Amino acid sequence: ANRLLTPKRVELLRLLHDEGPMNTNELAKRLSRDYKNVRQDVLALNEVGIVAKKGRLLSAPWRKITMELRMAA
């Protein structure tokens, strides 16, 4: 199954939250990760509204993230 909040994505969110807005390139550098992988993570997190985008700047301005899981009937 495709897990949304992988350990690497949680690390990415924490960095964005603690350090403030930055672009994907800077994020990849700070995390010592491949740009393409970070970009994929950012797209997935932005799609569900966990990462906010203003122009090229990404941010995670939340104090707490609560997830709701829908289980199959």
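## Helix α1, end to end

Take helix α1, residues 7-19: at 1.5 Å a residue, its 13 residues should span 18 Å, and the end C-alpha atoms are indeed 18 Å apart, so expectation and model agree. Keep in mind that this is a predicted model.

Right after α1 comes Gly 20, whose phi is positive at about 90 degrees.

## Two sides of α1

Which residues of α1 are buried? They are Arg 9, Leu 12, Leu 13, Leu 15 and Leu 16. Looking down the axis of α1, you'd find these buried residues within an arc of 160 degrees, so they line one face of the helix. Some background helps here: an α-helix has 3.6 residues a turn, so residues three or four places apart point the same way.

Flip to the other side of α1 and you meet Pro 7, Arg 14 and Asp 18, which are exposed. As for the buried residues of α1, their cover includes α2 (24-31), α3 (35-47) and β2 (57-59).

## How α1 meets α3

A pair of packed helices is described by the angle between their axes and the distance between the axes. For α1 and α3, what are the packing angle and the distance between axes? The angle is about 80 degrees, and the axes are 11 Å apart. An angle from 65 to 115 degrees counts as roughly perpendicular, which is therefore how α1 sits relative to α3.

On the α1 side, the contact is made by Arg 9, Leu 12 and Leu 13. On the α3 side, Val 38, Gln 40, Asp 41, Val 42, Ala 44 and Leu 45 take part. Sorted by class, the contact of α1 with α3 has 6 nonpolar, 1 polar and 2 charged residues. Arg 9, Leu 12 and Leu 13 of α1 also appear among the buried residues of that helix.

## A closer look at Asp 18

Back in helix α1, where Asp 18 lies, is this residue buried or exposed? Its relative accessibility is 60%, and exposed means over 50%, so Asp 18 counts as exposed. Asp 18 and Val 48 are 30 residues apart along the chain, and their C-alpha atoms are separated by 20 Å.

## Ser 32 in the loop

Now for the loop between α2 and α3, where Ser 32 is found. This residue has a positive phi of about 50 degrees, although it is not a glycine. With a relative accessible area of 69%, Ser 32 is exposed.

Conventions
Residues are numbered from 1 along each chain as its sequence is written. This is a predicted model: local features need pLDDT of at least 70, side-chain atom pairs count only at pLDDT 80 or more; totals for chains, interfaces and linings use all residues. Side-chain values use heavy atoms; hydrogens and water are left out. Helices (H or I, at least four residues) and strands (E, at least two) are DSSP runs, numbered from the N terminus. The expected span of a helix is 1.5 Å times one less than its number of residues. Buried means under 20% relative accessible area, exposed over 50%, partly exposed in between (1.4 Å probe, protein chains only). The arc is that of the directions from the helix axis to the C-beta atoms. Contact means heavy atoms within 4.5 Å. Axes are lines fitted to C-alpha atoms, for helices over the stretch in contact, and angles run from 0 to 180 degrees between N-to-C directions. Angles under 35 degrees count as roughly parallel, over 145 as roughly antiparallel, 65 to 115 as roughly perpendicular and the rest as oblique. Ala, Val, Leu, Ile, Met, Phe, Trp, Tyr, Cys and Pro count as nonpolar, Asp, Glu, Lys and Arg as charged, and the others, Gly among them, as polar.
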